[in-house]
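Got the viewer open and the side chains switched on? Here is a short tour, one selection at a time.

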Amino acid sequence: MVRQQKTGLDIQKKVYHTDKFYQPQQTPKTPLWGTPYEVIYNHLSYGYPISAYLEHTTGVFWIETSDLLPIAQRLKALGYDILSEMSAIDMLAIDGRFEMFYQFLSTYPNYADKRRIRLKCYLKPDTHLPSISSLYRCALWSEREAYDMFGIIFDGHPHLNRILMPQDWVGHPLLKSYPLKGDENAAWYEVDKIFGKEYRDIIGPEQRDSARVDEKDTFNFARIGQEKQKGTQEPLGLDDSKHNRALFVKNLNVKEPKMLKERR
């Protein structure tokens, strides 16, 4: 099943970084007929519906989700023995599906003119994909990342757990519906884990607002042009008037601290 949050699914329709009339230039896509990739297409299309084209010297093959595993098996038999990358693109708000891509590489000397193959398919919500980790060991990591970041389930994966986020994290951060600065669960995660929920009123939620970052603070953040030798920058403690705050929680009253007797 594909796990997704129900709110904010129109976020892809909003413009944040570019003019709303700006349309990015599409990479050229040309027919692969008459190219070395046509041989690979003939092998793969025998028994499977496939559409294909050439993009930046890479053969791109659109397939059905149900044909992923047998086509991957055939690709490996043809000499594409490296899965260099795989992931998903969240298209849920646009047309209600994910766009999956798998990038394969062959190092055979006689494959110099057909080195890279990309498989692509659409995945509907609440639909599983077969794991190809039995064919390509690096998919053990890539599929876990896609599960962690997008909530996509890969049937047959031997250990489909989170790989970047904590096991008890709520939500999938690379979904377009996931808030840029984290949701309510993210705001309290570190506080609850380190101090306990009973300290929420004392500490306050985590602050993930980039506006709070000091542009000249090279102690906690990289700032090109403001670098200083380690140990020479003034400390950024709570008593410092310039930085009288913790970075990711609300201001603490160091003169009248509150202490709880016990933690539940």
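At the start of α5, which backbone nitrogen does a side-chain oxygen of Asp183 reach? Select Asp183 and you'll find that oxygen within 3.2 Å of the backbone nitrogen of Asn185. Before moving on, some housekeeping: this is a predicted model, where local features need pLDDT of at least 70, side-chain atom pairs count only at pLDDT 80 or more, and totals for chains, interfaces and linings use all residues. Residues are numbered from 1 along each chain as its sequence is written, and side-chain values use heavy atoms, with hydrogens and water left out.

**Helix α5**

Now select residues 184–194, which make up helix α5. Its buried residues (buried means under 20% relative accessible area, exposed over 50%, partly exposed in between, with a 1.4 Å probe and protein chains only) are Ala186, Ala187, Trp188, Tyr189, Val191 and Asp192. Add 200–203 to the view: this is α6, part of what covers those buried residues. After α5 comes Gly196, with a positive phi near 110 degrees.

**Zoom out**

Colour by secondary structure and you should count six helices and seven strands; here helices (H or I, at least four residues) and strands (E, at least two) are DSSP runs, numbered from the N terminus. Their order along the sequence is α-β-β-α-β-α-β-β-β-α-β-α-α. The chain has 264 residues, and 38% of them count as buried.

**Glu55 and Arg118**

Next, pick Glu55, in strand β1 (residues 51–55). Its side chain meets that of Arg118 in a salt bridge at 3.5 Å, N to O; the term covers a side-chain nitrogen of Lys or Arg within 4 Å of a carboxyl oxygen of Asp or Glu. Arg118 sits in strand β5 (residues 116–123), so the pair ties together parts that are 63 residues apart in sequence. Glu55 is buried at 11% relative accessible area, and Arg118 is buried at 19%. Show Lys29 too: salt bridges that share partners join Lys29, Glu55 and Arg118 into one network. While you're there, check the C-alpha atoms of Glu55 and Pro28, which are 6.3 Å apart despite 27 residues along the chain.

Stay on β5 and select Lys120, which forms a salt bridge with Glu99, with the closest N and O atoms 2.7 Å apart. Glu99 belongs to strand β4 (residues 97–105), 21 residues from Lys120 in sequence. Are these two buried or exposed? Both Glu99 and Lys120 are buried.

**Around helix α4**

Jump to Arg144 in helix α4 (residues 139–150). Arg144 is buried yet has no salt bridge, and the nearest side chain of opposite charge, Asp148, is 7.3 Å away. What does the Arg144 side chain reach at 2.7 Å? Look for the backbone oxygen of Arg162. Arg162 has a salt bridge with Asp148, the closest N and O atoms being 2.5 Å apart. Asp148 lies in α4 and Arg162 in the loop between β7 (154–155) and α5, so this bridge ties together parts 14 residues apart in sequence. Both partners, Asp148 and Arg162, are buried.

**Last stop: rings**

Select Trp33, Tyr41 and Phe61, a cluster linked by ring pairs. Rings of Phe, Tyr and Trp (its six-membered ring) pair if their centres lie within 6.5 Å; planes under 30 degrees apart count as stacked, over 60 as edge-to-face and the rest as tilted. The whole structure has nine aromatic pairs. One of them, Trp33 with Tyr41, is edge-to-face, at 5.0 Å centre to centre and 75 degrees between the planes. Trp33 is partly exposed at 47% relative accessibility, whereas Tyr41 is buried at 16%.

Conventions:
Lys, Arg positive; Asp, Glu negative; His and termini not counted. Polar contact = N/O pair within 3.5 Å; in protein donor to acceptor, adjacent residues only side chain to side chain. Contact = heavy atoms within 4.5 Å.
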